[in-house]
Amino acid sequence: RIIYHLLCRMYVASQSMELNSESRFTGLMLFHRYARRFYNCLVQKEDEHHTHPQEHNQKQIQSTEEAQLQIKTHLGPVAAACLFLGCKMEEEPRRIR
């Protein structure tokens with residue numbers, strides 16, 4: 001769900017920056033690839049840490065909310081960097097603001 005919202009925000013940002021379609025979708029593709037691998041790593045770590053799912057149920061809910069907040073704060077700058085790299089790859093340079 002978080003990734004979907006970031007992809008939508010990236011698309012709107014690329015429209016407001018008036019990027020051509022190649023730069024826009026290159027940035028979206030880069031972010032999608034990164035987010036997929038990032039998510040797979042998180043799932044793998046989650047499986048390693050939780051061998052007993054019944055233990056500490058309330059603690060797991062709090063850690064899940066904290067983890068989602070960390071994911072949001074991590075993926076925001078990554079999305080901006082992917083748009084920047086998409087522009088550079090397609091020879092349509094933009095300044096970072």
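In which helix does Tyr11 lie? Tyr11 is part of helix 1, which covers residues 2–16. The views below show a predicted model.

**View 1. Length of helix 1.** Helix 1 has 15 residues, and at 1.5 Å a residue these should span 21 Å. The C-alpha atoms at its two ends are 21 Å apart, so the expected span and the model agree.

**View 2. Buried side of helix 1.** Ile2, Leu6, Met10 and Ser14 are the buried residues of helix 1. They lie on the same side of helix 1, because the arc they cover around the axis is only 100 degrees.

**View 3. Opposite face of helix 1.** Tyr4, Val12 and Ser16 are exposed, and they sit on the face of helix 1 turned away from its buried side.

**View 4. Nonpolar surface patch.** Tyr11, Val12 and Phe25 make a nonpolar patch of about 280 Å² on the surface. Tyr11 has a relative accessibility of 31% and therefore counts as partly exposed, while Val12 is among the exposed residues on the face of helix 1 turned away from its buried side.

**View 5. Residue after helix 1.** Glu18, just after helix 1, has a positive phi of about 55 degrees.

**View 6. Cysteines Cys8 and Cys41.** The structure has 0 disulfides. With a relative accessible area of 34%, Cys8 falls between the cut-offs of 20% and 50% and so is partly exposed. Cys41 is also partly exposed, because its relative accessible area is 43%.

Note on methods: Residues numbered from 1 in each chain as written. Predicted model: local features only at pLDDT ≥ 70, side-chain atom pairs only at ≥ 80, totals over all residues. Heavy atoms only, no water. Disulfide = S-S within 2.5 Å. Buried < 20%, exposed > 50% of the residue type's maximum accessible area, 1.4 Å probe, protein only. Patch = residues over 30% accessible without salt bridge, like charges linked within 9 Å, V, L, I, M, F, W, Y side chains within 5 Å. Areas by Shrake-Rupley, 256 points an atom, 1.4 Å probe, with all protein chains shown as cover. Salt bridge = Lys/Arg side-chain N within 4 Å of Asp/Glu carboxyl O. Helix = DSSP H or I, 4+ residues; strand = E, 2+ residues; numbered from the N terminus. Expected span 1.5 Å × (residues − 1). Arc of directions from axis to C-beta.
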